[in-house]
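Student: Got a minute to walk through this one with me? I'd like to start with the strand pairing.

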Amino acid sequence: MLENKCPFCGSKNYGRIQPPVGDGFVISCASQKDGILDAGMPVVLYGCKDCNCIWMASNAFGDHE
Ligand SMILES: [Zn+2]
């Protein structure tokens, strides 16, 4: 799925970020008035040590990891 390097700077110094608590990350929609609006989508986060970028991937769209 992902190339074997950071998509922003091309470094190989990147890795999957594990959450400090719990089993994984989700993104969700929220409003200041109504709070959290949906159940959220599970995502995996990757971070690059060289350019400090963080990006995410999700298997919610298909069968790839
Ligand atoms: Zn990078």
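Tutor: Sure. Strand 5 and strand 6 pair antiparallel, over four bridges. Bear in mind that this is a predicted model.

Student: Which residue of strand 6 stands opposite Leu45?

Tutor: Met56 is the residue facing Leu45. Another pair across these strands is Tyr46 with Trp55 in strand 6.

Student: How many residues sit between strand 5 and strand 6?

Tutor: Five, and the two strands form a hairpin. Asn52 lies in the loop between strand 5 (41–48) and strand 6 (54–57).

Student: What is the phi of Asn52?

Tutor: About 65 degrees, so positive, although Asn52 is not a glycine. Most residues other than glycine have a negative phi.

Student: Is Asn52 buried or exposed?

Tutor: Exposed. Asn52 has 9 other C-beta atoms within 10 Å, and a residue counts as exposed at 12 or fewer.

Student: How far is Asn52 from Lys5?

Tutor: Their C-alpha atoms are separated by 13 Å. Along the chain, Asn52 and Lys5 are 47 residues apart.

Student: Back to strand 5. How many bridges join strand 1 to strand 5?

Tutor: Four, and strands 1 and 5 run antiparallel. One pair to look at is Gly15, whose bridge partner in strand 5 is Gly47.

Student: And strand 2 (residues 25–27) to strand 5? How many bridges there?

Tutor: Three bridges, again with the strands antiparallel. Val26 has Pro42 as its bridge partner in strand 5.

Student: Let's stay on Val26. Which residues does it touch?

Tutor: Leaving out residues up to four places away in sequence, Val26 touches Gly40, Met41, Pro42 and Val43. Val26 itself is in strand 2.

Student: How far is Val26 from Met56?

Tutor: 10 Å between C-alpha atoms, with their positions 30 residues apart along the chain counted as separation.

Student: How many C-beta atoms are around Val26?

Tutor: 13 others within 10 Å, so Val26 is partly exposed.

Student: What about Val43, where does it lie?

Tutor: Val43 lies in strand 5. Val43 has 16 C-beta neighbours inside 10 Å, so it counts as partly exposed too.

Student: Which residues does Val43 touch?

Tutor: Phe25, Val26, Ile27, Met56, Ala57 and Ser58, not counting residues up to four places away in sequence. Take Ser58: Val43 and Ser58 are 4.6 Å apart in space, C-alpha to C-alpha. In sequence, Val43 and Ser58 are 15 residues apart.

Student: Switching to the whole chain. How many helices and strands?

Tutor: Zero helices and six strands. Read along the sequence, the pattern is β-β-β-β-β-β.

Student: How many of the 65 residues count as buried?

Tutor: 5% of them. The cut-off for buried is 20 or more other C-beta atoms within 10 Å.

Student: What is the radius of gyration, set against a compact globule?

Tutor: The protein chain has 14 Å, but a compact globule of 65 residues would be near 11 Å. The C-alpha trace spans about 40 × 25 × 20 Å along its principal axes.

Student: What share of contacts join residues at least 24 apart?

Tutor: 45%, among contacts between residues at least 6 apart in sequence.

Student: Last topic, confidence. What does the pLDDT average?

Tutor: 89 over the protein chain, and 91% of the residues score at least 70.

Student: Which elements have the lowest and the highest mean pLDDT?

Tutor: Strand 4 (residues 35–36) is the lowest, with a mean of 92. Strand 1 (residues 14–17) is the highest, at 95.

Student: And what should I do where pLDDT is low?

Tutor: Predicted coordinates there should not be read in detail.

Conventions: Residues are numbered from 1 along each chain as its sequence is written. This is a predicted model: local features need pLDDT of at least 70, side-chain atom pairs count only at pLDDT 80 or more; totals for chains, interfaces and linings use all residues. pLDDT is the predictor's confidence in each residue, from 0 to 100. Two residues are in contact if their C-beta atoms, placed from the backbone, lie within 7 Å. Two strands pair if DSSP finds at least two bridges between them. The radius of gyration is taken over C-alpha atoms; the globule rule is 2.2 Å times the number of residues to the power 0.38.
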